[in-house]
Amino acid sequence: MDKIIVKGEKRLSGEVEISGSKNSALPILASTLLSAGDHTLLNVPNLADVTTILKLLQGLGAKVTKEKSGCTVSCSSLSSCEAPYDLVKTMRASILVLGPLVSRFREARVSLPGGCAIGARPINLHLMGLERMGAEIQIEHGYVEVKAKKGLHGARIPLEIPTVTGTENLMMAAVLAEGTTVIENAAREPEICDLAQFLIKRGAQIRGAGTGTLVIEGVPRLNGGEYTIMPDRIEAGTFLIAGAITQGDLLVKSVDYSTLEALIGKLTEAGIEVKPDGEGIRLRVSSRVKAVDIKTMPYPGFPTDMQAQMMSLMVISKGLSVITETIFESRFTHVSELKRMGADIKIQGNHAIVQGVKQLSGAPVMASDLRASACLILAGLAAEGETEISRIYHLDRGYDRIEEKLSQLGAEIRRVKDRP
Ligand code: EPU
């Protein structure tokens with residue numbers, strides 16, 4: 001297994017190009033199942049999760065051609081409606097094929113995703129929505145089997161929690177359903193808007209993307225189409241923190257400033273200079289950052305996917321920071337690893353009380369999930385000495401060439417093979 005070794009205390013400077021968004025590419029690729037046409041997708045990030053969803057689509061009978069920074073997908077003749085355990089267990093987002101399959105083929109069998117390191121992560125709201133649209137659901141042998149013999153129909157779907165992939169799954173199911181579907185308390189993440197725009201480009205009728213109410217008028221069919229995936233706001237946020245934690249001066253390019261306002265607001269409050277610069281974001285730090293409190297919330301609130309990275313900055317800030325996680329019940333697995341590097345953190349329920357220390361010291365640490373891996377790399381960039389991060393396969397699921405990009409900015413970071 002590979003590991004990453006970071007030699008800290010190097011100030012980062014220069015420009016970094018952000019790749020396409022993982023959490024936009026996954027639903028957009030799943031949505032190609034909705035039509036028989038050809039789809040050309042550009043700015044597709046080179047990630048393990050993208051490889052997994054492409055494998056899943058191929059297993060269903062899709063023809064996939066990978067090109068530099070993109071791919072074409074054709075779902076004209078599918079041969080299966082089943083997403084097998086082997087793939088779903090490596091990536092929970094495989095559940096995103098459920099809505100499109102039921103909508104187009106009136107049936108689907110998808111392995112039920114289990115929990116993961118960050119929480120139980122049920123899919124009850126995805127299933128409730130499909131039931132309201134006329135589907136019959138059975139859970140057997142670890143699979144969720146969904147049938148809609150007469151096809152799906154429009155429905156009012158009130159979501160108790162604004163689930164991101166739940167909203168995406170139901171939006172994809174509704175575009176070909178008969179009649180009008182209203183999704184209430186829908187997620188408002190920019191990735192929802194990206195998916196909606198791609199669907200609209202192919203003939204779907206969707207209003208309200210980016211608001212809490214989505215109104216979808218079913219259409220008989222969708223076309224293929226070409227689309228450029230939005231930049232990854234979480235990758236961009238991770239690089240902003242890499243700049244901040246090394247007292248650096250960075251231009252994070254190809255990213256939409258407005259999608260990162262909650263994070264930028266907190267970085268500004270911490271005394272960091274962050275401003276829009278052309279098609280990117282400029283960050284400069286001239287003194288030790290101040291501690292700020294963070295509470296994760298659905299978009300447009302502070303993203304849970306940035307909580308671990310922000311914590312790495314807070315552990316070396318001046319003062320006391322309270323970090324509250326409200327989205328996932330166990331998203332503090334990075335805390336014990338940060339403590340091994342000298343951080344002063346106490347957990348009280350869903351709060352992490354972080355007392356900033358002047359310096360971290362490099363140590364061998366273990367990554368437990370994707371964003372925790374990024375958090376440990378960031379901590380390593382600031383720490384004195386070497387930090388060795390193992391189990392970095394999590395990192396490859398969601399960061400496109402992170403060591404290469406950090407090296408170009410002046411970081412001393414390398415990937416090595418662990419014991420054979
Ligand atoms: N929830 C339910 N029932 C459901 C669905 C969700 O109770 O049917 C709960 C979850 O347990 C959680 C909350 O609702 O407590 C929010 O979960 P959500 O469904 O929004 O999460 P998700 O769709 O599974 C996506 C991202 C995650 C990101 C979350 C929150 C993708 C592929 N994944 O997950 O990304 O953390 O939204 O923003 O879009 C990551 O990229 O590292 C990552 C974990």
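1. Strands here are DSSP runs of E with at least two residues, numbered from the N terminus. In this predicted model, Ile5 is found in one of them, strand β1, which covers residues 2–7. The relative accessible area of Ile5 is 7%, so Ile5 is buried, the cut-off being under 20%. Setting aside neighbours within four places in sequence, the contacts of Ile5 are Glu386, Thr387, Glu388, Glu412, Ile413, Arg414 and Val416. Glu279 stands 274 residues from Ile5 in sequence, and the two C-alpha atoms are 32 Å apart in space.

2. Thr246 belongs to a loop, the one between α8 (233–245) and β15 (249–253). Is Thr246 buried or exposed? Thr246 counts as buried, because its relative accessibility is 7%. With neighbours within four places in sequence left out, Thr246 touches Lys10, Arg11, Leu12 and Leu381.

3. How many aromatic pairs does the count come to? The count gives one aromatic pair. Its members are Phe198 and Tyr227, whose ring centres are 5.3 Å apart and whose planes meet at 40°, a tilted arrangement. The pair links distant parts of the chain, 29 residues apart: Phe198 comes from helix α7 (residues 190–201) and Tyr227 from strand β14 (residues 225–228). Both Phe198 and Tyr227 are buried.

4. Phe198 has a further partner in Arg202, which lies over the face of the ring at 4.6 Å from the ring centre. A second placement of this kind involves Arg109, whose charged end sits over the ring of Tyr143, 4.0 Å from the ring centre.

5. Helix α10 (residues 307–314) is mostly covered, with eight of its eight residues buried. The buried residues of α10 are Gln307, Ala308, Gln309, Met310, Met311, Ser312, Leu313 and Met314. As a general point, residues three or four places apart in an α-helix point the same way, because there are 3.6 residues a turn.

6. The second largest pocket holds about 340 Å³ of space. Which elements give two or more residues to the lining of this pocket? They are β4 (63–67) and β5 (70–74). The lining of the second largest pocket has 19 residues, and those nearest its centre are Val44, Pro45, Asn46, Ser69 and Asp400. By type, the lining of this pocket divides into five nonpolar, seven polar and seven charged residues.

Terms used: Residues are numbered from 1 along each chain as its sequence is written. This is a predicted model: local features need pLDDT of at least 70, side-chain atom pairs count only at pLDDT 80 or more; totals for chains, interfaces and linings use all residues. Side-chain values use heavy atoms; hydrogens and water are left out. On a 1 Å grid over the protein atoms alone, a cavity is a set of points where a 1.4 Å probe fits but cannot get out, and a pocket is an open set with protein on both sides within 12 Å along at least five of seven lines; lining residues have an atom within 4 Å of a point. Grid points are joined across faces, edges and corners, and a volume is the space filled by probe spheres set on the points. Helices (H or I, at least four residues) and strands (E, at least two) are DSSP runs, numbered from the N terminus. Ala, Val, Leu, Ile, Met, Phe, Trp, Tyr, Cys and Pro count as nonpolar, Asp, Glu, Lys and Arg as charged, and the others, Gly among them, as polar. Buried means under 20% relative accessible area, exposed over 50%, partly exposed in between (1.4 Å probe, protein chains only). Contact means heavy atoms within 4.5 Å. Rings of Phe, Tyr and Trp (its six-membered ring) pair if their centres lie within 6.5 Å; planes under 30 degrees apart count as stacked, over 60 as edge-to-face and the rest as tilted. A charge sits over a ring if NZ of Lys or CZ of Arg is within 6 Å of the ring centre and within 35 degrees of the ring normal.
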